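Biologist: I would like to learn how to read a model of this kind. Could we go through it one feature at a time?

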Amino acid sequence: MIPSFFGGFSLVTSLLMTAALALLMAWMFQDARRGTGPTRKKAGGNHPEQTRNQEAWQEFSTELAPQIGQSRFDNNLAPLPGKYEKDTIVLLVRSPHSIYSYWEVSPQHQRDVAQKHPPADWQNAPWVLRLYDTTDNPAADPALSPYHDVFIAETVDNWNFNQVFPSRKYIVALGRLLPGGFVPLLISAPVITPAASPSALIDPNWPPLVTLQDILSSCPGKTGEISGITSPVAGWGLPASPAGAWSHDE
Amino acid sequence: MMSKGLIAFVLHAHLPFVRHPDKEDYLEERWLFEAITECYLPLLQVFEGWRQDRLPVTVTLTMSPTLLSMLADPLMQTRYSKFIADLTLLAELEIERTSGDPAFSGLAHLYRERFNNARQAFEEKYHRDLIKAFRELQQAGILEIIPCPATHGYLPLLRPQPTAVAAQIGVAVHTYQRYFGQKPPGIWLAECAYYPGLENILAKYDLGYFITDAHGILFATPRPRYGLYAPVMTPAGVAAFGRDLESSKQVWSNDEGYPGDGDYREYYRDIGYDLDFEYVRPFIHPDGIRLHTGFKYYRITHRKTKDKQPYVPAWAEAKAALHAGNFLFNRSHQVTYLNQIMGEREPLIICPYDAELFGHWWYEGPLFLNQVIRQQVQVDPGLQFTTPSRYLQKYPLIQPAIPCESSWGANGYHDVWLDGSNHWLYRHLHRAAKRMIRLSRDHTGAGGLTRRALNQMARELLLAQSSDWAFIIKTDTAVQYAVNRSVYHLNNCSLIYQMLTDQKPLNETVIAELEEYANLFPDLDYRIYSEPVPTQ
């Protein structure tokens, strides 16, 4: 019994020692491969030696702590679909002077429209975005409205119209310009651009107090400059930009 | 009784939903923890001081449904508890480290005291339930709390699907009632973004008012009699209040705003960046990414200098008091001038700010706010603090008008949230909303797993619609995170859509995982996406 007991003891001991050695080496290697990192000016005073022990204890405990859930929500994130195989055109307001459109036209819809036209004409017809100003057209009928054409590449799927006017109603159509005229494929819902100045409409029951109407010009003012007094908060607690709203350090 | 002029502070407290149960080391969760420590707890202390001293004051506070969901979440509470405990540990090390340096030693002690107080307040005073503390302040009349759209959706850009806009409002109102036990009196539109017709949806939920930027009112149709200094009433019976430009400029302006004063604490000098890597390593990100620890020892000194001087709290406190007096002095002159013109009606000055400005970006912000309220009687006893709903009670006759489409973002409209960097989002957001609406109409009486899947799809859609993602992408800060959050939630919408349209098997394990990950709005009912939306 005694030899086997000693034999057992030595086995346990050697296993324990091996495990301890492995842990120690793992820690040392971890420590060695860790760079010193960027060293910057200290906030004040020297770095007291006694804190190093606590620091090592903190790190050691962190490294030996079981790591839970190593995957993030965005590991292996699939890209968004390039197409939805749906016919869509949407017009969105950006500002009194800018509107934005995106669209998708399905191959099937293109074929359906194309078959009504001579193939040679269709294949060579340029792609066009036709922006209608339907403001003065109560029925919002594009056919009766002034328009502006933008020739685009077939691969383009969005566009900014940056020279539109405030308080106007617009519709955009995507189509192709055939010898016989414009053939629309998609027509958007109308949008109305915002006002960029006080309304000319006066309610006789509420006549404006004249001196209160010019507040924008007495302030840093007018809509184009409103950015000067909007929120300076750009993101949250993020070190990406050391030049802050009020600090110009670095 | 007529006062000389009315001032309505509106503080907008919002953070996107950044709860990540899968790992503990998401930097983004620190946004909440930093805000609790630096903003919400200090503001609570200020508000409770007013209650204790029975000051005749009331301010409006927006609490976003995503923020409420995180504040109420046990996991986030537990993680905050660890966060603040770590800070108190770091405070002990900092006291040792700075013991020989008189310029910094006092600050280290100050931080220890503040972080210990924060920990004690969170754990022992509030028992981790900050919402209850805010609710009690509302019951005491100190606060008028309002929601914002469910996930801070930027409504003018969700407009192609009015039902999606209505869901943002409906879920917000429902969440508010869950936490505050009453109907919200009004709403804060995310980024003050308004479009004509939105008021019809707000009216459906009995919301009494919203806030626009100044030009939302000044460019209203017909032209407003009182300019910015009175609300207008939309045809739907929802009042619109405009942000005052002068008081905004005094706080927000990059060039002359109070927070840029040299005596205030410098945000961008933090020991997380300044000290030896090995020293701060246990307190930064496990991957060695340096971050803001909250220990900041310098004052702004001068905006353009790199040679920052040590922070002197007494100077900063004195400056906050001085600036508060200056703010009131300017309001006093403003309303004196306006009284000469308006006569028949008290001028109303609406002062909206991000709540997180107070304490986080502007460390002394809560002190400033406290001083504004407490010095008012001394500077001008004719001023009175009010809220939009109190104003509406006092002045039921409001000029009818339709505000101008607008936001408080740069340039005043929507181009921050729709530009070359983030425009790609919207075709996917609109498609996902269309699918949600279609499924809701197709499954009017769904039960069991199908119902759970539909409810979860609604949560994922709402989360994808957070205006924060487009904003972060535009401002080039945590871009990858914002892009990934958008793609992640949109992908989840597509996945559930495929499950519910027989393109993939409906998998309970997957739905359960998504429910655990995005666990906000537990009472959400997907059928909100098949409710009719009022157009008039």
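Modeller: We will take confidence, overall shape, one residue and one helix in turn. Keep in mind that this is a predicted model.

Biologist: Where in chain A does the pLDDT stay under 50?

Modeller: Begin with the whole chain: chain A has a mean pLDDT of 70, and 57% of its residues reach 70 or more. The pLDDT stays under 50 over residues 23-69 of chain A, and for that stretch the model has 52 contacts beyond four places in sequence. Over residues 219-250 of chain A the pLDDT is also below 50. That second stretch has 86 contacts in the model beyond near neighbours in sequence.

Biologist: Now chain B. How many helices and strands are there in chain B?

Modeller: Chain B contains 19 helices and nine strands. Its radius of gyration is 24 Å, close to the 24 Å that the globule rule gives for 536 residues, so chain B is as compact as a globular protein of that length. Along its principal axes, the C-alpha trace of chain B spans about 70 × 65 × 45 Å.

Biologist: What percentage of the residues in chain B is buried?

Modeller: Of the 536 residues in chain B, 57% are buried. Contacts can be read by their separation in sequence as well. Among the contacts in chain B with a separation of 6 or more, 78% are between residues 24 or more positions apart.

Biologist: Let us try a single residue. Is Trp50(B) buried or exposed?

Modeller: The test is a count of neighbours, and 20 or more other C-beta atoms within 10 Å make a residue buried. Trp50(B) has 23, so it is buried. This residue lies in helix H1 of chain B, residues 29-52.

Biologist: Which residues is Trp50(B) in contact with, leaving aside its neighbours within four places in sequence?

Modeller: Trp50(B) is in contact with Leu55(B), Val57(B), Ile142(B) and Ile373(B). For a distance across the chain, take Glu199(B): Trp50(B) and Glu199(B) are 149 residues apart in sequence and 34 Å apart in space, C-alpha to C-alpha.

Biologist: How many of the nine residues of helix H17 of chain B are buried?

Modeller: Eight of them are, and helix H17, residues 467-475, is mostly covered. The buried residues of H17(B) include Trp469(B), Phe471(B) and Lys474(B).

Biologist: What covers the buried residues of H17(B)?

Modeller: The cover includes helix H15 (424-442) and helix H18 (479-500) of chain B.

Biologist: Which residue follows H17(B)?

Modeller: Asp476(B) follows H17(B), and its phi is positive, near 60°.

Terms used
Residues numbered from 1 in each chain as written. Chains lettered and ligands numbered in written order. Predicted model: local features only at pLDDT ≥ 70, side-chain atom pairs only at ≥ 80, totals over all residues. pLDDT = per-residue confidence, 0-100. Contact = placed C-beta atoms within 7 Å. Helix = DSSP H or I, 4+ residues; strand = E, 2+ residues; numbered from the N terminus. Rg over C-alpha atoms; globule rule 2.2 N^0.38 Å. Buried ≥ 20, exposed ≤ 12 C-beta atoms within 10 Å, placed from the backbone.
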